[in-house]
Amino acid sequence: MRIRITRASLLISGAAALMLLARGAAGQAEGDTIVLGAAVSLTGKYSVNGKNTKDGYDLAVERINEMGGVKVGPKSYKLKVVYYDDESTPARAAQLTERLISQDGVKFMLGAYGSGLTKAMAPVTEKYKVPHVEGNGAARELFTHGYKYLFAVLSTSDYYLRDAVNLAAEVAKEHGRDPKTLKLAMAFENDPFSLDVRDGVLEDAKKYGMKVLIDDKLPPEINDMAATLTKVRAVKPDLLLVSGHEKGAALVVRQTGEMKIDVPMMAATHCDSARIAETMPKLAEGFLCASQWDRKLAYKDRWFGTADEYATRFEKRFNYPAPYQAAESTASVLVFADAFARAGSLDPEKVRDAIASTDMMTMYGPIKFDSTGKNTAKPMVLYQVQGGDYKVVAPTKWAEAKLIWPRKLPQ
Amino acid sequence: MENLRLLFESPVLSVQLLLDGVLIGAIFALSAYGMALVWGVMGLINVAQGELVMLGGYAAFYLYQAGIHPLFAVPAAAVALFVFGWILYRTVVFRVVEKDLFISILATFGLSILLQQLANTLFGADVRTADAGFGTLFLFGGAVTVAEIKLVSFAVALVTGALLIQFLKRSRMGQAIRATAQNARAARVMGVDTQRVYAWTFGLNAAICGASGALVAMTWVIHPYLGLPYTVRSFMIVIIAGLGNVAAVLAVALGLGAAENFAGFVFGAEYQAAFIFGLLVVILVWRRFWLARERRYLQ
């Protein structure tokens, strides 16, 4: 098809371009409003988590504006977020980021949902030197490219089970044992996320000098863990770690229970979303689950109060319980608010430097970025299934219940 | 080779692996019966075999939710899946039966994707399990444990195999099925309604898969995407065991299950499947030479 360029169409496109330019100029400082850009998944396979992300951003913006906005230098600004739907596809996310920055004139970006989409967006924000704070991309590789403008408030995936190793070492010391003598068994799914988790565990195990006796990689289509668990029974480890999304968590709970595998400490990722305590309360008793955040933690900030108050506010506003995906999204906006105030300017470079030197407490947890841009101050949360419920047992400083150790074999 | 040493040091581990493997094999045997039946009678390789297992699992899970004991859910799931298989034949599969094998593979592959996605939409992607409330048996002073549900699965596999043989031998429909398998055209000439026979065969296959799915839901966990390993395992079992021999299917399934478990123990879970496929190649090559020798004797 050939496109005929007529005078009318030229005029129209010229006018459109002018309008876009005008909008672009307004983008960075629309009177007394700071505009943040975000491409989130409102449709497609991440639509549920995408909505959590958007709700988290919206709640933060509403709350900050309600409290008088952000004071930058002498002037107070309100916040606003411009959204586009990335349709859960990385290519679209990159495209929309480009559009937000170069057409809509957005100078500050919030993250999308998920590592894949964040990975697609990061090179774009890097190219335009736009600060990009995200709360939903946990892959470790996001922070190995030397990106200067990407910051993550959440713990990266290699941190998921590190705290289980630390907790085991802590318990060993309490019982007069050298952590060096601890034996580890691990079964991790052969996918990028779980292999990240594995890297983190191996690093920490090495730090303590623990011995890794079993290091199985579960195929993605795993339906049965009997062979691995037979090995576990044979070598009697002190700690069993499993990461295989919901399926891995459900399988290990079910099969350790049936095979009566007696390991004093067992931890897995995704076991809260696999609902192990709800569906198999007896078998799951004593299991440790890793999670990013929980409303029962004693974290606090000046915008929302405690984590629990945040969760209550969230539920009142959106009519569903606050998932951690929303909390980390809210925290991303808080990081921006804090950085704007400290930078005293809306210059992206100055804001970037202010973000890099962030050291704050939020209802989501402490936030402090290392040189690669990931938040290393916030620990992961470990729940333990106790009496059919998830109780936060680590980090010990914020815990609501004491760890039950050794885990008792369910009868 | 640390793992191998462990195995020799404590032989009781071998007992555990063997038992677990054989009992897992029984569940694979069920879906393999079905595949052999459909393949032998209809000349159709059903790639959606695993999805029928998955649906059986969900049928059992929802019956369990409704308060029915999972053991009764096994026959109930079989009946439900029989009806489902019948409908599937009458709506889709009849179009590809007696056609090129490639077409039937494509069609059933499409079915398998459709069923997966439908299950994902209808039942959700959550991992589920039905607790039959069985305990665990301890052997060798607790060194070997056997979940009782696995013994039940084993028994169900044996009984189903025996029933299947009797059904094919004695019943009117069974005879018609065997006649159709031998020569569909001749069977038609003799007055057998082969369309009905095919529908029955496919329904039977679905019913057997349904029973195995119900056992999966009670033994492990179910989710919409669990099908593929069952399809692949049944395929392998049938290739080795041949089409016309239920007892051989059972024997091969049990053997493969045990081999798989030992491989998982010695080489680690990541090489479990690779080992099994390597074994398949070895068996096929060996059988080829063996058959060639037989042929020489005949000359």
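**Exercise 1. Take stock of chain A: how many helices and strands are there in chain A, and what does its radius of gyration say about compactness?**

Step 1. In this predicted model, chain A contains 13 helices and 17 strands.

Step 2. Turn to the overall size. The radius of gyration of chain A is 23 Å, close to the 22 Å that the globule rule gives for 411 residues, so chain A is as compact as a globular protein of that length.

Step 3. Add the outline: along the principal axes, the C-alpha atoms of chain A fill a box of roughly 80 × 55 × 40 Å.

**Exercise 2. Work out the six-stranded open sheet of chain A: which strands stand at the edges, and which helices pack on the sheet?**

Step 1. Write down the strand order, which is β2-β3-β1-β4-β5-β6 in chain A, with mixed pairing.

Step 2. Look at the two ends. β2 (70-72) and β6 (150-152) of chain A each have a single partner strand, so one side of each is left without a neighbour in the sheet. These two are the edge strands.

Step 3. Check the twist: neighbouring strands of this sheet are turned by 35° against each other on average, direction ignored.

Step 4. Zoom in on one pair. Strands β1 (residues 33-40) and β3 (residues 75-85) of chain A are parallel and share eight bridges. A handy landmark here is A:Ala39, which stands opposite A:Tyr84 in β3(A).

Step 5. Now place the helices. α2(A) packs on the sheet and touches β1, β2, β3 and β4 (108-110) of chain A, its direction making about 165° with that of β3(A). Helix α3 (residues 90-102) of chain A lies across β1, β3 and β4 of chain A and runs at about 165° to β1(A).

**Exercise 3. Describe how α2(A) packs against α12(A): what are the angle and the distance between their axes, and which kinds of residue make the contact?**

Step 1. Recall the two quantities to look for: a packed pair of helices is described by the angle between the axes and the distance between them.

Step 2. Fill in the values. Helix α2 (residues 47-66) and helix α12 (residues 324-343) of chain A pack at an angle of about 40°, with their axes 7 Å apart. That angle makes α2(A) oblique to α12(A).

Step 3. Give the handedness: the crossing of α2(A) and α12(A) is right-handed.

Step 4. Find the touching residues. On the α2(A) side they include A:Asn49, A:Thr53, A:Tyr57, A:Ala60 and A:Ile64. On the α12(A) side, A:Ala326, A:Thr330, A:Val333 and A:Ala337 are among them.

Step 5. Sort the residues of this contact by class: ten are nonpolar, seven polar and one charged.

**Exercise 4. Walk through the seven-stranded open sheet of chain A: what is the strand order, and which residue is the bridge partner of A:Val242 in β10(A)?**

Step 1. The order in chain A is β8-β7-β9-β10-β11-β16-β17, and the pairing is mixed.

Step 2. Mark the edges, which are β8 (211-218) and β17 (389-394) of chain A, each pairing on one side only. On average, neighbouring strands of this sheet are turned by 25° against each other, direction ignored.

Step 3. Start the walk at β9 (residues 239-243) of chain A, which runs parallel to β10 (residues 265-269) of chain A and is joined to it by four bridges. The partner of A:Val242 in β10(A) is A:Ala268.

Step 4. Go on to β11 (residues 288-291) of chain A. Three bridges join β10(A) to β11(A), again in parallel, and A:Ala268 stands opposite A:Cys289 in β11(A).

Step 5. At the next pair the sense is antiparallel: β11(A) and β16 (residues 381-386) of chain A share four bridges. A:Ala290 has A:Leu382 as its bridge partner in β16(A).

**Exercise 5. Analyse the contact between the two chains: how many residues does each chain give, and which element of chain B gives the most?**

Step 1. Count the residues on both sides: 29 come from chain B and 27 from chain A.

Step 2. List the elements of chain B that give two or more residues, among them α1 (2-9), β2 (144-147) and α11 (246-267).

Step 3. Pick out the leading element: α2(B) gives the most, with five residues.

Step 4. Finish with the classes. The side of chain B that touches chain A has 14 nonpolar, eleven polar and four charged residues.

Technical notes: Residues are numbered from 1 along each chain as its sequence is written. Chains are lettered from A and ligands numbered from 1 in the order in which they are written. This is a predicted model: local features need pLDDT of at least 70, side-chain atom pairs count only at pLDDT 80 or more; totals for chains, interfaces and linings use all residues. Axes are lines fitted to C-alpha atoms, for helices over the stretch in contact, and angles run from 0 to 180 degrees between N-to-C directions. Angles under 35 degrees count as roughly parallel, over 145 as roughly antiparallel, 65 to 115 as roughly perpendicular and the rest as oblique. A crossing is left-handed if the near helix is turned anticlockwise from the far one by less than a right angle, and right-handed if clockwise. Two residues are in contact if their C-beta atoms, placed from the backbone, lie within 7 Å. Ala, Val, Leu, Ile, Met, Phe, Trp, Tyr, Cys and Pro count as nonpolar, Asp, Glu, Lys and Arg as charged, and the others, Gly among them, as polar. Two strands pair if DSSP finds at least two bridges between them. The radius of gyration is taken over C-alpha atoms; the globule rule is 2.2 Å times the number of residues to the power 0.38.
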